[in-house]
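Hello,

Here is the structure I promised to pass on to you. Please have it open while you read, and my notes on it follow below.

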Amino acid sequence: MRTFESLSEKEMLALAISLEEEDERIYADFAEGLRRDFPASATVFDGMREEESGHRRRLIELYQKKFGEHIPLIRRNDVKGFVDRKPVWLAQPLNLKDIREQASVMEVETRRYYEKVSARTEDASIRQLLDDLAQEEREHEHRADALEQQNLTFDAIFHEDQANRRLFVLQIVQPGLAGLMDGSVSTLAPVFAAATATRNAHDAFLVGMAASIGAGISMGFAEALSDDGNLTGRGHPWLRGSICGLMTMLGGVGHTLPFLISGFQLAMTIAIVVVIIELGIISWIRYRYMDTPPVAATLQVMLGGILVFATGLLIGSS
């Protein structure tokens with residue numbers, strides 16, 4: 001990699017053109033990726049893309065006057081000191097918060113580069129243009145605010161918030177809830193069957209940990225392999241699988257840990273209390289994120305939990 005100090009004026013100007021071209025294409029990717037779920041924000045990034053396109057044209061015109069037609073290919077990753085950007089524009093669906101933060105970093109980095117180049121160059125016309133562009137990059141934040149005020153109306157913001165919430169539910173809440181329900185409910189029968197049959201807290205603990213970890217691995221792989229998220233918009237499969245698997249294991253481990261207590265009756269009592277709390281949390285999540293009426297959510301979850309719990313007790317006592 002080259003150091004910034006080793007670049008000539010020609011190379012610094014070529015790198016500036018490359019920066020503007022890259023930023024322009026990234027903003028275009030942002031706009032395209034947001035257009036379906038966040039059309040108003042897509043319009044904002046369309047406007048910012050046009051701004052970067054104008055900067056690139058002015059830089060090319062000056063370069064042609066100073067150095068001719070050939071522009072050497074110099075990119076940010078060829079020069080030390082640039083921020084290693086996470087390619088959030090490659091992830092689908094796009095996260096609105098992440099890309100707005102990325103856009104802010106891009107503007108600051110480009111502005112600082114122009115200021116450093118302007119301080120080094122001895123050519124008056126190059127310094128004038130770079131000073132102008134640095135000022136315009138500084139004003140891009142205000143330009144972005146103006147574009148947002150123009151395009152992000154109250155209705156647009158409301159619809160985008162709703163879309164953001166739907167994506168959050170699809171990518172995080174649904175796999176997490178599926179795992180928590182499976183871990184909390186499906187492990188009830190083996191844990192309490194073992195506890196009732198052996199009357200030994202340690203044996204119940206071992207059964208519960210085996211059931212919880214096994215269910216977590218199984219549910220994690222099942223969720224990750226169910227679809228790749230490209231058509232459903234459910235996000236990266238391995239992220240969903242990890243969330244689902246961890247929540248499945250957590251749901252089972254919760255009412256297994258009390259059996260670390262040596263006293264069987266005390267461990268059994270605390271485990272039952274933990275089960276009630278787990279089912280209450282699941283009911284609240286269904287009400288909060290899945291738009292299930294609170295009474296219906298509670299009855300559905302509690303009924304399923306009671307049936308599985310009773311199954312474990314009957315099998316264990318038989």
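The crossing of α6 and α10 is a right-handed one. The two axes come within 7 Å and cross at roughly 30°. Please keep in mind throughout that this is a predicted model. On the α6 side the contact is made by Leu188, Ala189, Phe192, Ala193, Thr196 and Ala197, and these meet Gly305, Val308, Phe309, Gly312, Leu313, Gly316 and Ser317 in α10. Sorted by class, the contact of α6 with α10 has eight nonpolar and five polar residues, and no charged ones.

Helix α6 (residues 188-198) also packs against helix α9 (residues 264-289), at an angle of about 165° and with the axes 12 Å apart. The two helices are therefore roughly antiparallel to each other. Here α6 passes α9 in a left-handed crossing. If you would like to find the contact on your screen, look for Leu188, Phe192, Ala195 and Thr196 in α6, which meet Phe264, Met268, Ala271, Ile272 and Val275 in α9. The residues of this contact divide into eight nonpolar, one polar and no charged.

How much of α6 is buried? Eight of its 11 residues are, so α6 is largely enclosed by the rest of the structure. The buried ones are Leu188, Ala189, Val191, Phe192, Ala193, Ala194, Ala195 and Thr196. Just after the helix comes Arg199, whose phi is positive, near 55°.

The remaining pair in this group is α9 with helix α10 (residues 294-317), which pack at an angle of about 150° with their axes 8 Å apart. Their crossing is right-handed. From α9, the contact takes in Met268, Ile272, Ile276, Leu279, Gly280, Ile282, Ser283, Arg286 and Tyr287. Their partners in α10 are Pro294, Ala297, Thr298, Gln300, Val301, Met302, Gly305, Phe309 and Leu313. By class, the contact of α9 with α10 has 12 nonpolar, five polar and one charged residues.

Now for the charged pairs, which may interest you at the bench. How many salt bridges does a search of the whole structure find? The search gives 11, and I will go through some of them here.

Take Lys66 and Asp123 to begin with: their side chains meet in a salt bridge, 3.0 Å from N to O. Lys66 lies in helix α2 (residues 39-67) and Asp123 in the loop between α3 (96-120) and α4 (124-151), so the pair ties together parts that are 57 residues apart in sequence. Are these two buried or exposed? Lys66 has 36% relative accessibility and counts as partly exposed, whereas Asp123 is buried, with a relative accessible area of 18%.

Next come Arg76 and Glu109, whose side chains form a salt bridge at 2.6 Å, N to O. This pair, too, links distant parts of the chain, with Arg76 in the loop between α2 and α3 and Glu109 in helix α3, 33 residues apart. Both Arg76 and Glu109 are buried.

Arg76 and Glu109 also belong to a network of salt bridges that links them with Glu22 and Asp23. Glu22 sits in helix α1 (residues 9-34). Its relative accessibility is 24%, so Glu22 counts as partly exposed. You may also like to look at Glu22 beside Arg75: the two are 53 residues apart in sequence, and their C-alpha atoms are 8.9 Å apart in space.

A pair within one helix is also worth a look. The side chains of Glu115 and Arg111 meet in a salt bridge, 3.3 Å from N to O. Both residues lie in helix α3, four residues apart, which is about one turn of the helix. An α-helix has 3.6 residues a turn, so residues three or four places apart point the same way. Glu115 is partly exposed, with a relative accessible area of 31%, while Arg111, at 18% relative accessibility, counts as buried.

That is the end of my notes. Do write back with any questions once you have had a look around.

Best wishes

Definitions and conventions. Residues are numbered from 1 along each chain as its sequence is written. This is a predicted model: local features need pLDDT of at least 70, side-chain atom pairs count only at pLDDT 80 or more; totals for chains, interfaces and linings use all residues. Side-chain values use heavy atoms; hydrogens and water are left out. Axes are lines fitted to C-alpha atoms, for helices over the stretch in contact, and angles run from 0 to 180 degrees between N-to-C directions. Angles under 35 degrees count as roughly parallel, over 145 as roughly antiparallel, 65 to 115 as roughly perpendicular and the rest as oblique. A crossing is left-handed if the near helix is turned anticlockwise from the far one by less than a right angle, and right-handed if clockwise. Contact means heavy atoms within 4.5 Å. Ala, Val, Leu, Ile, Met, Phe, Trp, Tyr, Cys and Pro count as nonpolar, Asp, Glu, Lys and Arg as charged, and the others, Gly among them, as polar. A salt bridge is a side-chain nitrogen of Lys or Arg within 4 Å of a carboxyl oxygen of Asp or Glu. Buried means under 20% relative accessible area, exposed over 50%, partly exposed in between (1.4 Å probe, protein chains only).
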